[in-house]
Each structure stands twice: as C-alpha cells, then as structure tokens.
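Colleague: Please take me on a close look at the largest cavity in this one, and then tell me how far to trust the model around it.

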Amino acid sequence: MVTDVLPLWAIALVGLGVAGVGALGGLGGAVLLVPLLVLLGVDPLLAAPLGLLTVAAGSLSAGAAQLRTGLVHQRLGVTTEVAAAGGAVLGAVLSPLAPPVLLARILGVTALVAGLAGLARRGVRNRPLPPFVAEEAGEWPGTLAGSYRGPAGSVPYQARRLPAGLAAMSGAGLIAGLTGVGGGFLKTPTMTELMHVPVKVAAATSTFTIGVTASAALAVFAGQGRVDVVAGGAVVVGGLLGGAAGAAVQDRLPAVPVRLGLSALLLGIGALVLVRA
Amino acid sequence: MRGQDSLLLRLLQVLAGAALVLSAAAAVLPGTPGRVAGAAMLAVLVGAPLVRVARIGWVWARAGDRRHALLAALLLVIVLTGAALAAAGVV
C-alpha cells in the first residue's frame, strides 16, 4: 500500500503541485509525480497507477474549459490516440516485466531530445492571415486542419507527417503504459516539432489525449490489481484542483515562452531521470 | 464557436465534479466506504475519456465524417479489449 510509505496529505500536496505545472504545457504532471513518489520510497509498480490517475484527473478537469477555447483538435487527438492507446495497453501489460533502470534511461534520453528540439526552433511557424480574422477558431470538419485565434487574427494550420506522428505517439503510449507517466511531454513536442501543429493547439489537444492514454493503461492496471484507490483519492484531489488552475491560465500565455518553458522543463526532467538511473 | 458541443461540455463538467467528490471521499472516509468511493473514482476516470470519445464519434458519424467516426470506434475497441483481457486475468 502506498499509504504505508506516505501520509495521505503528502500525497495530495504532491498531486496538486505537479498537476498545476503540467496543465500549463499540456503535460499530465505524472512525469514529475512518478519520479517524486519513487524518490520518496513508493514502489514503482504502485507509483505508476497513481501517476496515471493524476493524469486522467488533470485531463478531465481541464476538458470543458479547453473545449470552449476551440484550441482542442479532437479529430487529431482521436487519430493519434489510436496509436497511443495501443502502445499504452501494450506497455501496461509489459510493465511488471521490464527492468526499471532501462526504462528510466529511455525516459530520460527521450525527454532530453524532446526538450532540445523545442529549444532549437525559433519564431512562430503559423502566421496570422488577415482574411481569416472574422473566422471562428476550431478544427475544420473532416480534416486534421483548423485555426486558432492569435493576437493579430485567426491563424490557420494543418497537421503534417501523420505516419511519423502516429509512430511517435505509439512510442509515447508505450512509455506511458510502462512507467505511469502521461506521455504529454512526448506528445506535445511531437505535435509541434514533427506535425507542425501550433504549440497552444498541441498543448490543449495533448491534455485531451493524455486522458485517453491514461484510461487505456489504468484499465489494464486495475485488472492487474495494482491500483491503490485510497492513495489514488488523495492524489486525484490534488490533481483536479491543480489541473483546473493550470488550464485557467494556459490560454492567456504567449506561445513562444510556453514552448521555451516546456522545453526547459523537459531538459530538467530528463537530467533528473538520468541521474536517478 | 465552431464544433462547440454543449452536451459534451456539460458531461465533462459533471464527470469532473463526480471525480472530485469521489476522490475526496476516498481520501477521507475510512475502511470500506473509502475503498468503494475510490473504486467509483477509478471507474469515472477510466470511463470519462471513453464517454467523450464515444460522444464525439457519434457526432462525427451523424455529420457524415465517417473516417473519423470509425477511428473513434477503433480507439474504443482498443481500450475496451485491453481492459477486458486484464479483467479476465489474461494479461
């Protein structure tokens, strides 16, 4: 039991902090939570479901607010989730058999690479188009394209490199199922750097999709009897409150600093995970 | 707003509220009531994204966007198959 190692109030406090930070950049927060819990003495196999519970809670609490902004591209989310959920189910099945040190090294290197890719890009890829100023923001039916409302007007975009994006998403799902992190720290850079989706759309869409990935892996964890629901209650209380606060602020933040901040966070996480391994 | 779905918005708000109440109950209530609330919370958190995918898939199917409706159905099949295999003790 997780509560044999940590008091419930401490679990709730950790959940609150990581979900608040995570929702700002399309991260579920579990990429911070799971290593923290393990450092505090929780068995990685029990920490993983707690990580995905807070991911699911943060995603759900942010869902309505982010849907209203028109930033979530649900067709892109569902399309990429077919690959990610498959990976998550496979990862959850394999997780009790995988060597933890190898998993940590894979996780750390992946986070470092994603962070460096985000830092390397300069400027704004999708420019505002004045003729579209009066257009409403949102996804365009039947396509993986859409527009979002920027400071100078409506900004159209089109998701590209779908096969490569699907491959990356299946990897993100696999890591989520193996380790209990949400995979948002891989999904958001995949959408922005590989698929050329604007960072604000990618972050909002990732917040939606990490909930589906978490659901897929948690369903398997529950069947394996690995979910401590009492500790889960504490971490979810914190996760819901933190996720709502982060989502309320996310839409007001400028895209480039969000991207740079997300990249710096990824670099820090990658280094921490590698040091731990 | 384009693509706005008031039913889905309301549903997400209700499910988020239910998850908050159930998680608080799981953390506060001792013994069996706490574990029951926790199990219900787990069901809500696992089920909410699936309800959302089912709803948007249904909306897309009615709007004639069959390709994405089929992808939504495929996504549900993947998740539910994993859950069923784990529940049966196969994986």
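Modeller: Here's the cavity, followed by confidence and a couple of other features.

This is a predicted model, so to speak: local features need pLDDT of at least 70, side-chain atom pairs count only at pLDDT 80 or more, and totals for chains, interfaces and linings use all residues. Residues are numbered from 1 along each chain as its sequence is written, chains are lettered from A and ligands numbered from 1 in the order written, and side-chain values use heavy atoms, without hydrogens or water.

There are three cavities of 30 Å³ or more, a cavity being a set of points on a 1 Å grid over the protein atoms alone where a 1.4 Å probe fits but cannot get out. The largest has a volume of about 90 Å³, meaning the space filled by probe spheres set on points joined across faces, edges and corners. Its lining (residues with an atom within 4 Å of a point) takes in A:Ala56, A:Ser59, A:Leu60, A:Gly63, A:Phe208 and A:Gly211, along with B:Leu12, B:Ala48, B:Pro49 and B:Arg52. Helix 3 (44–69) of chain A gives the most, four residues. Helix 8 (199–224) of chain A and helix 2 (31–62) of chain B also supply at least two each; helices here are DSSP runs of H or I, at least four residues, and strands are E runs of at least two, numbered from the N terminus. By class, that lining has six nonpolar, three polar and one charged residues, with Ala, Val, Leu, Ile, Met, Phe, Trp, Tyr, Cys and Pro nonpolar, Asp, Glu, Lys and Arg charged, and the others, Gly among them, polar.

Now confidence. Mean pLDDT (per-residue confidence, 0 to 100) is 82 for chain A, where 87% of the residues score at least 70. Chain B averages 92, with 96% at that level. In chain B, helix 2 is highest at 96 and helix 1 (residues 6–28) lowest at a mean of 93. Chain A runs from 70 in helix 5 (residues 100–120) to 95 in helix 4 (residues 74–94). Low pLDDT is where predicted coordinates should not be read in detail. The model scores ipTM 0.94 and pTM 0.85.

Elsewhere, there are four salt bridges over all chains, counting a Lys or Arg side-chain nitrogen within 4 Å of an Asp or Glu carboxyl oxygen. A:Glu139 pairs with A:Arg75, their closest N and O atoms 2.8 Å apart. That links strand 1 (residues 138–139) to helix 4 of chain A, 64 residues apart.

Terms used: 1 Å grid on protein atoms, 1.4 Å probe; cavity = no way out; pocket = protein on both sides within 12 Å on 5 of 7 lines; lining within 4 Å. pLDDT = per-residue confidence, 0-100.
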